[in-house]
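Trainee: I've got a model open and a pile of labels on it. Could you walk me through why each label applies?

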Amino acid sequence: MSAEGRLHQACLDLLTGSDIQFHRHSRLDIALVKNLPLALVFLPAADIPTFVGEGRVDLGITGRDQVAEHEAVTPPTDTTGVEEVLDLEFGRCRLQVQVPENGQITRPEELVGRNIVTSFTNLAEAYFRKLENNGGEVVVNGEGKGRLSTTIKYIGGSVEAACALGVADGIVDLVESGETMRAAGLKAISTVIESTAILIRSKRPSDPKLVDLIASRIRGVITAQKYVLCTYNVHREKLHDACKITPGKRAPTVNALEDSLWVAVSAMVERKQIALVMDELSEVGACDVIVTKIENTR
């Protein structure tokens, strides 16, 4: 399993929640798991699709943008490439075409024939190729010849500084909150791809049963992070209305109380909706509403 880069801490929290116990020694990229027969390999996010796609690693956590960048030049086959197991729902960002805020360019088509700087040369090339009308080739890092003059240049970091330094007319870079983009005097004019962290697996895992076990644990942690358990008491006459408010993932659990006119209800509710749900439950007469954090679930 691999995870590194901007998603690193979230990945460590996910492993902890999945009871994958390990100790990573300083400066070592491999850590043996204490309670399971597996090892963790810490790699740059961009390298993970290659290692998983070639079957060198069974599972990986990386961004969907990194998988797309890899597959732009190494299309998957029946036996190579990766399979997406689960959207982990963190590390959300967008790979966007950006230009100077005070410049004259407002559409990505206006960048055709100009200099583009990015860390995602494969996706950038594919994107600008689609903008072309005359079927020529895009020059990548000065290599290749064609009728088009759009040049895609690779820079590994600080891509947002390229326009201000006169290196590029536009950039293709990841945007999370947008603060870095605005601080650099840039604006987004198009989105190449939207991305989140994803769990990927090899098409040729060395131990499919263990891979499924780890994936199941991680899925449980992600579900637990997304939901809370809401329990409450409600009059039987209002049970139907209350269950509409808290339908649960599959169905709410309803238990009888000593007072036959009342029932106790338990249901999983999306964490982001719980305040609104509690308001609506109060309106239909529910009482003794308790919200409990879920540590894990299957």
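Mentor: Sure. Start with how elements get their names: helices (at least four residues) and strands (at least two) are DSSP runs, numbered from the N terminus. Keep in mind that this is a predicted model.

Trainee: Okay, so where does Asp 19 sit in that scheme?

Mentor: Asp 19 is in the loop between H1 and strand E1 (30-32). It comes after H1 and has a positive phi, near 55°.

Trainee: What makes Asp 19 "partly exposed"?

Mentor: Buried means under 20% relative accessible area and exposed means over 50%. Asp 19 has 38%, so partly exposed is the label.

Trainee: Which residue in strand E15 has a positive phi without being a glycine?

Mentor: Asp 288, with phi near 55°. Asp 288 lies in E15, residues 287-293.

Trainee: Back to H1. How do you know that its buried residues share a side?

Mentor: The buried ones in H1 are Cys 11, Leu 14 and Leu 15. They cover an arc of only 100° around the axis, so they end up on the same side of H1. The cover over the buried residues of H1 includes E2, E3 and H6.

Trainee: What makes a group of residues a nonpolar core?

Mentor: The members are buried residues of the nonpolar kinds, joined through side-chain atoms within 4.5 Å. In the largest one here there are 25 residues, and those with the most contacts inside it include Leu 14, Leu 38, Phe 90 and Ile 218. The elements giving two or more residues to this core are helix H1 (8-17), strand E3 (59-63), strand E11 (197-202) and helix H6 (208-226). H6 supplies the largest share, 7 residues. There is also a second, separate core of 17 residues, with Ala 68, Tyr 127, Val 172 and Ile 193 among them.

Trainee: Is there some general reason why such groups form?

Mentor: There's a general tendency: in soluble globular proteins, nonpolar side chains tend to be buried together.

Trainee: How many aromatic pairs does a search of the whole structure find?

Mentor: The search finds 2. One of them is Phe 22 with Phe 42, at 6.0 Å centre to centre and 40° between the planes.

Trainee: Why is that one called tilted?

Mentor: Ring centres have to lie within 6.5 Å, and 6.0 Å passes. Stacked needs planes under 30 degrees apart and edge-to-face needs over 60, so 40° is tilted. Phe 22 lies in the loop between H1 and E1, and Phe 42 in the loop between strand E2 (39-41) and helix H2 (48-53), so the pair ties together parts that are 20 residues apart in sequence.

Trainee: Are these two rings buried or exposed?

Mentor: Phe 22 has a relative accessible area of 22%, so it is partly exposed. Phe 42 has 4%, so it is buried.

Trainee: And what makes Tyr 127 and Phe 128 edge-to-face?

Mentor: Their ring centres are 5.3 Å apart and the planes are at 85°, which is over 60, so edge-to-face it is. Both Tyr 127 and Phe 128 are buried.

Trainee: How do you know that the charged end of Arg 24 sits over the ring of Phe 42?

Mentor: The distance limit is 6 Å from the ring centre, along with an angle limit of 35 degrees from the ring normal. The charged end of Arg 24 is 4.1 Å from the centre of the Phe 42 ring, and it does sit over that ring.

Trainee: Last one: why is Thr 246 called buried?

Mentor: Its relative accessible area is 1%, so Thr 246 falls under the 20% cut-off. Thr 246 lies in the loop between helix H7 (239-245) and strand E13 (253-256). Leaving aside neighbours within four places in sequence, its contacts include Tyr 232, Pro 252, Val 265 and Leu 281.

Note on methods:
Residues are numbered from 1 along each chain as its sequence is written. This is a predicted model: local features need pLDDT of at least 70, side-chain atom pairs count only at pLDDT 80 or more; totals for chains, interfaces and linings use all residues. Side-chain values use heavy atoms; hydrogens and water are left out. Buried means under 20% relative accessible area, exposed over 50%, partly exposed in between (1.4 Å probe, protein chains only). The arc is that of the directions from the helix axis to the C-beta atoms. Contact means heavy atoms within 4.5 Å.
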